[in-house]
Amino acid sequence: MLPAALPSSPWPAEEDPRGAPLRVAEVALDLPRPAMGSRPWSAGFHYRLPSELAELARPGQAVWVPFGRRELSGLILDIGPSSPVERLRDVAAIIDPLPFLDRRDIDLARWMAEWTLAPLFDCLRLFLPPGGLPQVEEVYRRSGRRPHAEELRDLPPPAMQLLGLLQGHSEITAAALAAEGLRQPQLAAGPLLRAGLISQELRLSPLRLAPRKLALIEGPLTEASDLDALLAGLRPHPKADLLALLRQSRQLPLTIEVALDSCAAKRADLRVLEKAGLVAVTAASSRGEPARPSALTSGAGSPELLSAERRYRRTAGHVQALAALTALGGRVEERDLLRLPGVTAKVLGELRAWRLVDRLEAAAWRDPLVGQAIVQDEAWPLTPEQAAAWARLEPLLDQSLTGAAPPPILIRGVTGSGKTELYLRAIARVLAAGRQAVVLVPEIALTPQSLRRFAARFPGRVGVWHSRLSAGERADTWRRAREGLLDVIVGSRSAVLAPLPRLGLLVVDECHAGSYKQGQSPRYHAIDVARERAIRYGATLILGSATPTVEQTWEAEAGRMLGLTLANRVDQGAGEGLPPVRVIDMRAELKAGNTGLFSEALSDALAATLAAGEQAILFLNRRGSASYVFCRDCGESMRCPHCRVPLTWHQGAARLICHHCNHRAISPSMCPNCASGRIRHFGAGTERVEEAARRAHPSARILRWDADTTAHKGAHEAILATFVAGEADVLVGTQMIAKGLDLPRVTLVGIVSADTGLHFPDFRSAEQAFQLLTQVAGRAGRGEAGGQVILQTYQPEHPAILFAAAHDYPGFYRQELAFRRALGYPPFSRLTRLLYVTDGGPRAAEAAARKLAEQLTAAIRRLGLADTNLIGPAPAYFERMGGHTRWQILLRAPDPHTLLATCPPGPGWRVDVDAVDLL
């Protein structure tokens, strides 16, 4: 019988049958949802804590527990004095005495599981270091007893196979046995364990992301002023001793007999030194002078004698290492010393053996900020508008420092209005009170610039957190945060759960961005999690954007958030405000005979910008060279065989590429449907924009910034640094360049096509287009020279384009809110997406979707949920993706959990509560 979930109510005290007070641990295990049975989403299994572990166990610790025939690692969620289960199994061991989570984060993970309808361990995993919990591995060893022949005859084949695999090995793990084809090692080991032929041990697997150790050499450990004299006593050498005697003696010449006796040297040693020109032997007597003994003098200068002495003793490397240690403060990385001439591992080993140096180990943090030139920054003076916003923000920060979370704060500030300076002041406030902060940015592309701003204001206290870090960098950032070595974390969505125990502030910049919603289980929204975490930590939550979502502004108007507005730029520039936007009707351009990508206005503006030595941005939110490739005779388009979406032509890769599953194909020369050779490319992407700009301006330095040019680590930083340094004139890019970047030299933004995404079958398409156009327009005119925006469109009358061109967020918001109210869309309801994904084809997907729709409809009637209704079922916009067929149902309800708790979707269904992506 499997352990049941612990009750949420206080536990009455019970007693272990063995007489001791019962201590029960609720443990979360990494199991698929079916294995959890009917337990609530936020519940775990429970186990008895044996007496030797009862006083050591704490919530948040990792433990080993038995589950079926296996031993699994899990996390303690809670500890109590009772259990409704009669027969409990014992917790086997505590893996790590230091908890991975505290009670607040355990409570937050439970909330996430219930809110997103995701398995609890999927939520807990987000709080764990990269690599997850240490895993338990079973190890088998042969005993010293030799088996009898009759014992071997009675063993089943799997046991005989295990014995055979142990031949020649001191031990073997269960994973290695499985790799050799022994599928159930535990069953095979049973007869051998009972017979005493093998032994079994459980141990932790080696960490996949173990901390990297740094080897340091410390010394010199002696106070001797003459290191050469010290080394001479440790490594005597007759030739070297002769040279030392000559170098140190003040009474020259020395008699040969005295010198040889003092150094235990021989005449042969003397002849070698004389031949090398290092010593000279004077004659025994001179004509007309009295006889005198033979004597030695120096044949070279003192530095040459010292160099030769070290060479004979073989101590040149030793002296080099000791001198470097002295010059560098007595502690140097071992690898740095080994780079010095003559310093080898043997040299350092001898210095350690002679007790002249010591070797230490320290944690070597893999820090992505190491090596970056960051100049410390001071707080900037506030404008009157910023000062007014700060006057309202400051008391709320002080309130949170007492442990009471204030309401969330929404700062709607136009691009360049100085929102970041308010973030920095808020962070400084909480750091001064001994607390910590998290700053979220929506795009990895924004992280380098954001990092420099925050690292410059808080040097040595900032860590970075995003998916482009190496696994080791992410693991070390997690450890440094957990150990209190970092006070500010700047990163993308997952940084909201960074292990900062003294969290006092969460900042979500560009809070309108859809990238804050997680696409896989658990499908959480970082802002929802930030709000809940702020409540549990007594922290302040600040959201900021030039274009908040309709839902966010509506919450501020309803009093659920404090709304602050920054309507003006900090530095208005020559344009005295936001840059003017000129809308170009591309239909008129076509009538005038212009079939190119650039209108006459954009071409002239780009030429003038380059002639003035200024910078320009050309924006098109589509990568590649052509949107799709088709046959002009039969209309057949080249589609992905797995996703059934048009393939995009990429000139650089000379391939047709699917932007969903990365399927690649060669562009056909003949139509696969009708064998026509009239294959044409249609549409445009950033590659084609770059190509057109190069043709028009061959001498211009042009960069492209999209997913194709930033596939490798460090690409975002390199492109941004090149452009900011003025080493490029034109930046061509997708939405990566639209958000948050501060590029004061840019005086022209050309929006090549404003129509992309305007008519997707999503009620948010107009809002998303407005946000994107407003954001990218805001990249212009942020410097003293001012700027302008050229917006090209085939639909100049579309409201999203009209409001974006006028920089009129309030006007767009009022119109969009009226549309949402009329149709019952968020914020006037909540929208949950139920997506069915199957390999069974369209008929199977449709049948499953219609069956669930019928069940939900019946449950709605039975529960009397008048405000709840369904949209669909219907094929998803991308009906085929990655070889899978997809159908969906949209559930519109004030509270979707009420219905889904009664009628939960079965296997194959993906539930996205408060969905952002409906395609």
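**Exercise 1.** Is C511 buried or exposed?

Solution. The model is a predicted one, in which local features need pLDDT of at least 70, side-chain atom pairs count only at pLDDT 80 or more, and totals for chains, interfaces and linings use all residues. Residues are numbered from 1 along each chain as its sequence is written, and side-chain values use heavy atoms, with hydrogens and water left out.

Step 1: the cut-offs are under 20% relative accessible area for buried, over 50% for exposed, and partly exposed in between (1.4 Å probe, protein chains only). Step 2: C511 has a relative accessible area of 1%, so C511 is buried. Step 3: for C674 the value is 35%, and C674 is therefore partly exposed. Step 4: a disulfide requires a pair of cysteine sulfur atoms within 2.5 Å, and a search of the whole structure finds zero.

**Exercise 2.** Find which residues touch the most other members of the largest nonpolar core, and list the contacts of L124.

Solution. Step 1: a nonpolar core is a set of buried Ala, Val, Leu, Ile, Met, Phe, Trp, Tyr and Cys residues joined through side-chain atoms within 4.5 Å. Step 2: the largest core holds 54 residues, and L75, M112, L124, I489 and L506 touch the most other members. Step 3: contact means heavy atoms within 4.5 Å. With neighbours within four places in sequence set aside, L124 is in contact with A28, L75, L77, L101 and A109. Step 4: a second, separate core has 39 residues, including W554, L720, A738 and A777. In soluble globular proteins, nonpolar side chains tend to be buried together.

**Exercise 3.** Place the salt bridges of R48, R125 and R457 in the chain.

Solution. Step 1: a salt bridge is a side-chain nitrogen of Lys or Arg within 4 Å of a carboxyl oxygen of Asp or Glu; the whole structure has 41. Helices (H or I, at least four residues) and strands (E, at least two) are DSSP runs, numbered from the N terminus.

Step 2: R48 pairs with D90 at 2.8 Å, N to O. This pair links distant parts of the chain, 42 residues apart: R48 is in strand β2 (residues 45–48), and D90 is in the loop between β4 (70–80) and β5 (93–94). R48 is buried at 10% relative accessibility, whereas D90 is partly exposed at 27%.

Step 3: R125 and D122 form a salt bridge at 3.0 Å, N to O. Both lie in helix α3 (residues 120–125), three residues apart, about one turn of the helix.

Step 4: R457 bridges to E421, with the closest N and O atoms 2.9 Å apart. R457 belongs to helix α18 (residues 447–457) and E421 to helix α17 (residues 419–432), so the pair ties together parts 36 residues apart in sequence. R457 is buried at 12%, and E421 is buried at 7%.

Step 5: E551, R764, E767, E816 and R820 are linked in a network of salt bridges.

**Exercise 4.** Describe how helix α5 packs on helix α7.

Solution. Step 1: axes are lines fitted to C-alpha atoms, for helices over the stretch in contact, and angles run from 0 to 180 degrees between N-to-C directions. Step 2: α5 (residues 157–166) and α7 (residues 185–195) pack at about 90 degrees, with axes 8 Å apart. That makes α5 roughly perpendicular to α7, a class that covers 65 to 115 degrees. Step 3: P158, A159, L162 and L163 in α5 meet P185, A188, A189 and L192 in α7.

Conventions
Angles under 35 degrees count as roughly parallel, over 145 as roughly antiparallel, 65 to 115 as roughly perpendicular and the rest as oblique.
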